[in-house]
Amino acid sequence: MPELPEVETIKLGLEAKIKGLKIEKIQILTAKSFSGAIASITGAKISTVARRAKLLLIGLDNNKTIIIHLKMTGQLILEASSQQQGARIIGGHPTTNMFSVLPNSTTRAVFNLSDGSKLFFNDQRMFGWIKVVNNDQLPIINQKLGPEPLGEEFSWTLLKTQLLKRKATPVKVVLMDQEIVAGIGNIYASEACFIAGLDPRRKVLTITDGDFQRLHQGVIQSLTESLKQGGSTRSHFKNINGERGNFLEHAFVYGKNGQPCKVCAVDVEKVTLGGRGTYLCSQCQK
Ligand SMILES: [Zn+2]
């Protein structure tokens, strides 16, 4: 599932292209993937493209917002009109057919924009969704989400306060709870624990202030590094030329089981924690 850096990368790519355009027509090919009234957003102009946690928020000039959650297999593909130059902007779960003719069998919705471009929402397994909400609902959605880890207010003490809400739970599992900290999933929770030298299985109540400080640093460092790399290869392709996010090549432990730890050369292990594959170095993480 795309996490904060992957959704942020998609946001930046789309923002540069669709801000200021009008939505001329919307085709819903799978009713389950879309909720809201098509008529209420047809003809509206896109005024903002933003991200909150793992959600993409397309703000319109009529007090409505289109919220998109890609979940496991969602993709957003912006295709320029035939008169325009430029590659497709592609984000989300990679598949080979995301490079071929659209719509395809996984296309759930198509937005026709005023410059002739089309934004396709594809989703093989249909866990993802698009929702149209009135802007007065945004504070309610916002309240259910924890602080943004790259926001100014995200201090180590705030991280500590948030994590202590689930003190009897392993720290990595709590880091992935969207109500505790927004936007962190399996990749960055594993990486942050490694950078902090913290065994991801440790219960929050056993963590010291020094650990919280290192974990805070680990969260910021892993997310920032990934943003620099354009997200992770597994969940994001930047464009049709195959320019991809390559964060996973720079990862310390995620997906590295059986390979030597970059710090101490002991083999990275894979364990299951909270039902998810979890990577750690038993030498570096205590
Ligand atoms: Zn190590």
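Trainee: In which sense do β3 and strand β4 pair, and over how many bridges?

Mentor: In this predicted model, strand β4 covers residues 55–60, and I46 stands opposite L60 in β4. The pairing of β3 with β4 is antiparallel, and the number of bridges is 6.

Trainee: Which are the edge strands of the open sheet with the order β2-β10-β5-β4-β3?

Mentor: This open sheet is formed by 5 strands, and its pairing is mixed. An edge strand here pairs on one side only. That applies to β2 (34–35) and β3 (46–52).

Trainee: What angle does the direction of α1 make with that of β3?

Mentor: Helix α1 packs on this sheet, where β3 and β4 are the strands touched. Its direction and that of β3 make an angle of about 175°.

Trainee: What is the strand order of the open sheet whose pairing is antiparallel?

Mentor: That sheet has 5 strands, and its edges are β1 (23–28) and β7 (89–92), each pairing on one side only. Neighbouring strands in it are turned against each other by 10° on average, direction ignored. Read across the sheet, the order is β1-β8-β9-β6-β7.

Trainee: Which residue in β7 stands opposite L76?

Mentor: Strand β6 (residues 74–79) runs antiparallel to β7, and 4 bridges join the two. Opposite L76, the residue in β7 is G91.

Trainee: At what angle to β7 does helix α1 run?

Mentor: Helix α1 comprises residues 4–18. The strands it lies across are β6, β7, β8 (107–113) and β9 (118–123). With respect to β7, the helix runs at about 150°.

Trainee: How far apart are the axes of α1 and helix α6?

Mentor: Two packed helices are described by the angle between their axes and the distance between the axes. For α1 and α6 (residues 209–228), the angle is about 35°, and the crossing is right-handed. The contact is made by L4, P5 and E8 of α1 with L223, S226 and L227 of α6. The axes are 9 Å apart.

Trainee: Is S114 buried, partly exposed or exposed?

Mentor: S114 is placed in the loop between β8 and β9. A residue needs 20 or more other C-beta atoms within 10 Å to be buried, and 12 or fewer to be exposed. S114 has 14 such atoms, so its class is partly exposed.

Trainee: What C-alpha to C-alpha distance separates S114 and L21 in space?

Mentor: Leaving aside neighbours within four places in sequence, S114 is in contact with L21, K22 and E24. S114 and L21 are 93 residues apart in sequence. In space, their C-alpha atoms are separated by 5.6 Å.

Trainee: What distance separates the centres of domain 1 and domain 2?

Mentor: The chain is divided into domain 1, spanning 4–143, and domain 2, spanning 156–280. With the centres taken over C-alpha atoms, the separation is 28 Å.

Trainee: Which helix gives the most to the largest nonpolar core?

Mentor: This core has 66 residues and draws at least three residues from each of domain 1 and domain 2. Among those with the most contacts inside it are I68, L175, I184 and V253. The helix in question contributes 8 residues and spans 186–196; it is α5.

Trainee: With which residues is V253 in contact, leaving aside its neighbours within four places in sequence?

Mentor: V253 is listed with those that have the most contacts inside the largest nonpolar core. Its contacts beyond these sequence neighbours are S190, E191, F194, V268, Y279, L280 and C281.

Conventions: Residues numbered from 1 in each chain as written. Predicted model: local features only at pLDDT ≥ 70, side-chain atom pairs only at ≥ 80, totals over all residues. Pairing = 2+ DSSP bridges. Axes fitted to C-alpha atoms, helices over the stretch in contact; angles between N-to-C directions. Contact = placed C-beta atoms within 7 Å. Core = buried A, V, L, I, M, F, W, Y, C linked by C-beta atoms within 7 Å. Domains from an automatic or database assignment. Left-handed = near helix turned anticlockwise from the far one by under 90°.
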